[in-house]
Amino acid sequence: MDKVMPVADQYRIAPNVAETIAARALTDAGVAPADSAAVADALVQTSLRGISTHGLRLLPQYLSDIEHGIANPRPVCTVVRETGPTAVLDADSALGIVAGLRGTEEAVRRASRFGVSVVVVRNSNHFGAASVYSRAMAKAGMIGWVMTSCSPRVAPFNGSKAHLGTNPISVAAGAGDHEFVLDMATSQVCLGEIRERGRQGEPLEEGWAKDAAGRPTVDAAQVSTLMPLGAGHKGQGLGMVVSLMTAVLAGSPLDWELEHIESAPHGRGRQVAHFLMCLDPAVFGGDEAFDERMRTFVDDTRRSPSTGAEPVRVPGDPERITAARNAAHGIPLDPRTGQRLYGLAADYGMDNLLPTTGIA
């Protein structure tokens, strides 16, 4: 790479340019073109919505996973057990996004026939933002509920050592201005946010993390474990529910038996498990009634009295607003991700499509 991106605090990239570069990089790494396009779209859409920790920043890690035999670029995903509305999908060590999208397709297909479906995916890898899959179900007119197992980052309530994953839960329904999208970790914050605060030299919020001795810390450099959501015992309980519905149900490694994404042994997949549940509103109250209630549900909540200058929002509103802004002005990239994408663009002769200056 002869060309180097100018040093700046932040860069922006057009979504279509980022998607082209990411898809090309994945295809060059051996991923099937259709899967490359799907993974690139998922990463770009996640970054576009402002979830930078689970978007384009993950592309170098996923390329490394392929290079080192952790992720299979050409998996054969197979349904190994099924009833009408349920299925267990072996992902063959696929990139997690590929596995998650395969599971989503299976869940939507079965829910369209039976009204409800549950698909459990085993033998997968890190699948990015859980809302990628719940939103895909919502776009199909369904309610989507998604969870995934994760490597240990979170100390149980009253615990001092990492034992549980950040174990996210995402639920999505509706569309457009009436889309509801919950996507939350069961820890107070995800590890990516800790690392971002560390890169920026900013202190953490109280109650986010503990150091190696099990003491609360606001110094990102001292973080050894994350703390569970809310009052602690409730966050631990939710995190264990995710483990139950993913690893335990799939017969996969438990959280504390999983390798961290950046330190997984080469030559084998990480055996992450996912849970995808899909419900078709048509078989419950009917599509029209559901759509009407969704509009009322979302709009009336937004109209609730506010205690300050900021209005009441529903889950997904901040991301929708951010996506509109980034679509107009470009996706912001941290310097490390910007440098890597610029280098890839230079390799492919596409660097003329990127800005030559950073935007702080």
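1. Helix 1 and helix 2 cross with right-handed geometry. This comes from a predicted model. Helix 1 covers residues 15-28 and helix 2 covers residues 33-48. Their axes lie 8 Å apart, and the packing angle is about 140 degrees. An angle over 145 would count as roughly antiparallel, and 65 to 115 as roughly perpendicular. Helix 1 and helix 2 fall in neither class and are therefore oblique to each other.

2. Which residues make the contact between the two helices? Helix 1 supplies Pro-15, Ala-18, Glu-19, Ala-22, Ala-23, Leu-26 and Thr-27. Helix 2 supplies Pro-33, Ser-36, Ala-37, Val-39, Ala-40, Asp-41, Val-44 and Leu-48. By class, the contact has eleven nonpolar residues, two polar and two charged.

3. Now the sheet. Seven strands build an open sheet with mixed pairing. The strand order is 2-3-4-11-5-6-7. Strand 2 (78-82) and strand 7 (180-184) are the edge strands. Each has a single partner strand, so one side of each is left without a neighbour in the sheet. From one strand to the next, the twist averages 15 degrees.

4. Look at the strand 2 edge. Strand 2 and strand 3 form a hairpin, with three residues between them. Strand 3 spans residues 86-90, and its pairing with strand 2 is antiparallel, over four bridges. Two facing positions can be checked on the model. Arg-81 stands opposite Val-88 of strand 3. Glu-82 stands opposite Ala-87 of strand 3.

5. What is the sense of the pairing between strand 3 and strand 4, parallel or antiparallel? The two run parallel, and five bridges join them. Ala-87 faces Val-119 in strand 4. Ala-87 thus has a facing residue on each strand: Glu-82 in the pairing with strand 2, and Val-119 in strand 4.

6. Is strand 3 mostly covered or mostly uncovered? Strand 3 is mostly covered, with four of its five residues buried. In the sheet order, strand 3 sits between strand 2 and strand 4.

7. One helix spans several strands. Helix 7 (residues 233-250) lies across strand 4 (116-124), strand 5 (143-148), strand 6 (169-173), strand 7 and strand 11 (272-279). Helix 7 runs at about 100 degrees to strand 11. Among the strands under helix 7 is strand 7, an edge strand of the sheet.

Note on methods:
Residues are numbered from 1 along each chain as its sequence is written. This is a predicted model: local features need pLDDT of at least 70, side-chain atom pairs count only at pLDDT 80 or more; totals for chains, interfaces and linings use all residues. Side-chain values use heavy atoms; hydrogens and water are left out. Two strands pair if DSSP finds at least two bridges between them. Axes are lines fitted to C-alpha atoms, for helices over the stretch in contact, and angles run from 0 to 180 degrees between N-to-C directions. Contact means heavy atoms within 4.5 Å. Angles under 35 degrees count as roughly parallel, over 145 as roughly antiparallel, 65 to 115 as roughly perpendicular and the rest as oblique. A crossing is left-handed if the near helix is turned anticlockwise from the far one by less than a right angle, and right-handed if clockwise. Ala, Val, Leu, Ile, Met, Phe, Trp, Tyr, Cys and Pro count as nonpolar, Asp, Glu, Lys and Arg as charged, and the others, Gly among them, as polar. Buried means under 20% relative accessible area, exposed over 50%, partly exposed in between (1.4 Å probe, protein chains only).
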